[in-house]
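Okay, everyone here? Let me put the chain up on the screen, and then I'll walk you through a few spots in it.

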Amino acid sequence: VKDMIVNPAGTNGQRYLLTTIAFNVTTEETLKELEKKEMAIRDMLNSILTSKSMDQLIDVVQREKLRQEITAGVQALITSGTLSSVYFSKYIIQ
């Protein structure tokens, strides 16, 4: 999911997170399903990311919890295969 820009919770639009998120999946079928459900995945990611405070987004320990929450959210949206990893290939907080 390329270049998502969200305003973290409690920032009143003054701060933002720009991120690109990649997924490692178990099958080609799962990849195709992710592509078909991109809008639903972006919406779910938007909900998760905007619910986090700046402190939560900056903290490296919290980032692992964020990966787990994203994994659970995406896994709930797909019916084939599994999601084995979540990667932040871009993670810029301004």
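I'll go from the core to the helix pair, then to some single residues.

Quick housekeeping before that. This is a predicted model, where local features need pLDDT of at least 70, side-chain atom pairs count only at pLDDT 80 or more, and totals for chains, interfaces and linings use all residues. Residues are numbered from 1 along each chain as its sequence is written, and side-chain values use heavy atoms, with hydrogens and water left out.

Right, the core. By nonpolar core I mean a set of buried Ala, Val, Leu, Ile, Met, Phe, Trp, Tyr and Cys residues joined through side-chain atoms within 4.5 Å. And buried is under 20% relative accessible area, exposed is over 50%, partly exposed is in between, all with a 1.4 Å probe and protein chains only. The largest such core here has 20 residues, and Ile21, Phe23, Leu45, Leu66, Ile70 and Val74 are the ones with the most contacts inside it. Which elements give two or more residues to this core? Those are β1 (4–6), β2 (17–25), α2, α4 (60–77) and β3 (83–93). The largest share, five residues, comes from α2. The labels are DSSP runs numbered from the N terminus: helices are H or I with at least four residues, strands are E with at least two. As general background, nonpolar side chains tend to be buried together in soluble globular proteins.

Take phenylalanine 23 from that list. Not counting residues up to four places away in sequence, phenylalanine 23 touches Val1, Leu34, Ile41, Leu45, Ile70, Val74, Leu83, Ser85 and Val86. Contact, by the way, is heavy atoms within 4.5 Å.

Now the helix pair. α2 and α4 pack at an angle of about 150 degrees, and their axes are 10 Å apart. For the geometry people: axes are lines fitted to C-alpha atoms, for helices over the stretch in contact, and angles run from 0 to 180 degrees between N-to-C directions. So α2 and α4 come out roughly antiparallel to each other; the bins are under 35 degrees for roughly parallel, over 145 for roughly antiparallel, 65 to 115 for roughly perpendicular, and oblique for the rest. Who meets whom? On the α2 side we have Ala40, Ile41, Met44, Leu45, Ile48 and Leu49, and they meet Leu66, Glu69, Ile70, Gly73, Val74 and Leu77 in α4.

Glu69 takes us to lysine 52, which sits in the loop between α2 (38–50) and α3 (54–58). Is lysine 52 buried or exposed? Buried, because its relative accessible area is 14%. Its side chain makes a polar contact with the side chain of glutamate 69, at 2.7 Å. A polar contact is a pair of N or O atoms within 3.5 Å; within protein, one must be able to donate a hydrogen and the other to accept it, and residues adjacent in sequence count only if both atoms are side-chain atoms. Leaving out residues up to four places away in sequence, lysine 52 touches Pro8, Ala9, Leu57, Leu66 and Glu69.

Another polar spot is around glutamate 33, in helix α1. Glutamate 33 is buried because its relative accessible area is 10%. Its side chain is joined to that of lysine 37 by a polar contact of 2.9 Å, and the side chain of serine 80 makes one with glutamate 33 too, at 2.6 Å. Serine 80 is in the loop between α4 and β3, and with a relative accessible area of 10% it's buried as well. Setting aside neighbours within four places in sequence, glutamate 33 is in contact with Leu77, Ile78, Thr79 and Ser80, while serine 80 is in contact with Glu29, Thr30 and Glu33.

Last stop, backbone. Aspartate 3 has a positive phi of about 45 degrees although it's not a glycine. Aspartate 3 is in the segment before β1, and it's partly exposed, at a relative accessible area of 40%. Asparagine 12 also isn't a glycine and has a positive phi of about 50 degrees. You'll find asparagine 12 in the loop between β1 and β2, and it counts as exposed because its relative accessibility is 74%.

That's my tour, thanks for listening.
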